[in-house]
Every structure is written in structure tokens, then in C-alpha cells.
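Here's a quick tour of a single-chain model, written for someone who would rather look at atoms than read a brochure. Have the viewer open and follow along.

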Amino acid sequence: MNWHSEWEHQVRIGARRVGNGSPCYIIAEAGANHNRDLAMAKALIDVAADAGCDAVKFQTYSAQTLYSKYTPTFSYLGDQNVYELIKSCELPREWQFELMTYANERKLDFLSTPFDFSAVDDLVAIGVPAIKIASFELVDLELLRYAAATGKPLILSTGMASLGEVEEALEVIRSEGNRQLVLLHCNSLYPTPAKAVNLRTMHTLQNAFFCPVGFSDHTVGSVIATAAAALGAAVIEKHFTLSRKLPGPDHGAFALEPEELRQMVADIRAVEAAMGTGSKKRDAAEEEMALKGRRSIIAATDIIQGMVITKDMLNVKRPGTGIPPKFLDLVVGRVAQQDIREDEPIGWHMI
């Protein structure tokens, strides 16, 4: 399959365009860090808004439809029973419209990751601007098909996936006529060690599928997420929490605390501003430094009007207000048109 013409190069999420040179769309991933407390969920929204994020994201799942009661425990979760843990973390679905309204009031897009068909229906019903599919669900092709059929833009994480599995998922999405897709490189490790990240995979995905590509980050801190932005990530998704000391599976080392989230957003915006156009030229703000900090031709001694200038009468030093040093040989042999004081920059009008 030649994917070059299959996807939109920019995807609209809410009021924002994502991809193709637009600013990085930053998703603050709240996950289960609401701890089934509505006030805490709203506090997370406040943190995301105050940090300058573009969206806040929760997760919509039911333990009954997500995990078997006999699922082995995950090593990063210790000895906790997976089914019981997920049951304790379910976001009450009746909160979602209230949370979305509150997020919108704080100028944030509200997103949530659905893990079953009814979750897709619930999110579409309240009017979410996009649907985020988790890495673990990439192989659930029927869920992908159902989400794609809504016509909503899809954001698809690709943790654990081979290129072949990504292509299978995209075939299903394309078959539903949905052309609005963002792929996120992701590592399904909590936390992810830097040596396992392989950020260049973003370019592999971009070159293979020609859609906007970003990064869902599970590393400690925000350095890797900022690096991903420098490499052109269209979307950055990062877990955050009110405090890593809180109980629950998503409050771990890979989640940022409020001030860290604010700093990550500031760093990403600084990186974007720093990338520039690639044109090598003097910035207007450098003019003063060029004038005062560069070297020019300076009189090494008093030069009297009418004198023929010799090389030993000249120095090259700062400031740069005189004749540029590259013209030194042209100045030698000229006649002084006026008195020139020792240590005075020499201009063309003086000779």
C-alpha cells in the first residue's frame, strides 16, 4: 500500500490544526489519577490548563469488559490483582460531560481513551473532538473499526507494535473512510528507560505512513518529550499527577507533578521558537553585537592628514564601527583625508 495520499497532512482537533508545521499539540494524560474523586479530576484539569497544555485526557473503561479476573499481575504494579485494581480506577462515566464542560471553560480540549464500544458511544455523545486509542488496543481491529466509523480524528499510540501491525490497524481505519489520523510513537514500559525510547521511530512512522506523528512519553522527567518536540513531534502526550505520593497505578515515576508539567510545556514552546527557518543570516537583534563586538581597522598611532598610511599605523580590534579587517590591504597605501587619532576606528570617509 502506498500511504502517501491516504491521510490528511493536518488534522483538526477542536480549534487546533495538528501536524504539517503547526505547533505541537500537548496532551496532559490524567489517566486514572482522579482516584475516583470528582474534585481531584477537576484539580487535574486546572493543572493542565495552568501549565498551558492543549488538551487533558482521561480513560474510559470497565474492568468487566477489559480484563479477565485471572489476568496475571504486571511486574510494574507489584502484587496487585489487575482486575480489582482496574475496577477501583474506573472513571464514572456520568462525570464525563461535567469534566468536558469544565475543561472547555479552562480552554482545554477534553479527550478520553475508550476501551470498549459503549465507551466510544459515550464519548461521541458528549462531543469529544477526537478519539485516542491506546497502544494495547491497536490489535483490537474491531474496536478500531468502530472508532474510525465515527468520523472523529483518531490518535493512535503504537507501543509494542511492529510496522506490520501498525499497517493492519491503518488498513482498518482507512476502510471506514476515516482520513484523520495521528500516530504516536510509544514505549509500553512504565517508566521507560531512555535507552529503550528510540525516538527516530517517529521518522520511520512518518516515512512509512505520511500522516502526522508524535510521541506518547512514559520516561522519567520531560527531557525526552522535549527532544521529541525538537525532532518534529506533532503531538506530545505525557502522564501527570497532583503528586507522585498518591496511591494508584498512574501516579508513578513516569508522571509529572504540576510544576514539572508547566516546565515541560514551556520547554517545548521554547524549542519550537528556537527551531526557526534554517536560513543562516544575522538576526536583527544581533545588530548591536555585530557593531560593537566585531573587529575593524583601528589607528595604531596618530595619523596626520596627508600622510600615506602604512601597515604599522594600523591595528585590528573591536569595535566593528570602522572598515572591516578584510579590507586592510586596501587601506594600506591610502592617504589620510583628515587627522585620525590613535585608537580611533578608521572609516572609508577618512582616507
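Which elements do the buried residues of H9 pack against? They pack against H8, strand S9 (213–217), strand S10 (235–239) and H10. Keep in mind throughout that this is a predicted model.

## Helix H9 and what follows

Let's stay with H9 for a moment. Its buried residues are Ile224, Ala225, Thr226, Ala228 and Ala229. Two helices, H8 and H10, and two strands, S9 and S10, are what these buried residues pack against.

After H9 comes Gly232, with a positive phi near 105 degrees. Gly232 turns up again in the next section, as one of the residues nearest the centre of the second largest pocket.

## The second largest pocket

The second largest pocket holds about 350 Å³ of space. Helix H8 (201–209), helix H9 (223–230) and helix H10 (258–275) are the elements that each give two or more residues to its lining. H8 provides the largest share, with three residues.

In total, 19 residues line this pocket, and those nearest its centre are Gly21, Ser22, Gly232, Ala233 and Ala234. By character, the lining splits into 11 nonpolar residues, seven polar ones and one charged one.

## The chain as a whole

Now zoom out. The chain has 12 helices and 12 strands. Its radius of gyration is 29 Å, well over the 20 Å that the globule rule gives for 351 residues, so the chain is more spread out than a compact globule. The C-alpha trace spans about 100 × 50 × 40 Å along its principal axes.

How much of the chain is buried? Buried residues make up 47% of the 351. The accessible surface comes to about 16,800 Å², and carbon and sulfur atoms own 52% of that. As for contacts with a separation of 6 or more, 65% of them link residues 24 or more positions apart.

## Ala55, out of the solvent

Is Ala55 buried or exposed? Ala55 has a relative accessible area of 0%, and because anything under 20% counts as buried, it is buried. The residue lies in strand S4, which covers residues 55–60.

Setting aside neighbours within four places in sequence, Ala55 is in contact with Tyr25, Ile26, Ile27, Ala28, Leu108, Asp109 and Leu111. There is also a long-range pairing to look at: His239 is 184 residues away from Ala55 in sequence, while the two C-alpha atoms are 12 Å apart in space.

## Backbone oddities: cis prolines

If you plan to check omega angles, here are two places to look. The peptide bond from Tyr190 to Pro191 is cis, with omega near 0 degrees. Pro191 sits in the loop between strand S8 (181–186) and H8, and H8 is the helix that gives the largest share of the pocket lining described above.

The other place is the bond joining Arg318 and Pro319, also a cis peptide bond, where omega is about 5 degrees. Pro319 is in the loop between strand S12 (314–317) and helix H12 (328–331).

## Backbone oddities: positive phi

Where does Asn35 lie? Asn35 is in the loop between strand S3 (25–31) and helix H1 (38–51). Asn35 is not a glycine, yet its phi is positive, near 50 degrees. With 28% relative accessibility, Asn35 counts as partly exposed.

Lys107 is another non-glycine residue with a positive phi, about 65 degrees. The loop between helix H4 (96–105) and strand S5 (109–114) is where you'll find Lys107. Lys107 has a relative accessible area of 72%, so with the cut-off for exposed at over 50%, it counts as exposed.

## Thr321 in the S12–H12 loop

Back to the loop between S12 and H12, which also contains Thr321. Thr321 counts as partly exposed, at 46% relative accessibility.

Which residues does Thr321 touch, not counting those up to four places away in sequence? They are Leu291, Ser296 and Pro345. Gly347 is worth a glance as well: Thr321 and Gly347 are 26 residues apart in sequence, and 7.8 Å apart in space, C-alpha to C-alpha.

Conventions: Residues numbered from 1 in each chain as written. Predicted model: local features only at pLDDT ≥ 70, side-chain atom pairs only at ≥ 80, totals over all residues. Heavy atoms only, no water. 1 Å grid on protein atoms, 1.4 Å probe; cavity = no way out; pocket = protein on both sides within 12 Å on 5 of 7 lines; lining within 4 Å. Points joined across faces, edges and corners; volume = space filled by probe spheres on them. Helix = DSSP H or I, 4+ residues; strand = E, 2+ residues; numbered from the N terminus. Nonpolar A, V, L, I, M, F, W, Y, C, P; charged D, E, K, R; others polar. Buried < 20%, exposed > 50% of the residue type's maximum accessible area, 1.4 Å probe, protein only. Contact = heavy atoms within 4.5 Å. Rg over C-alpha atoms; globule rule 2.2 N^0.38 Å. Areas by Shrake-Rupley, 256 points an atom, 1.4 Å probe, with all protein chains shown as cover.
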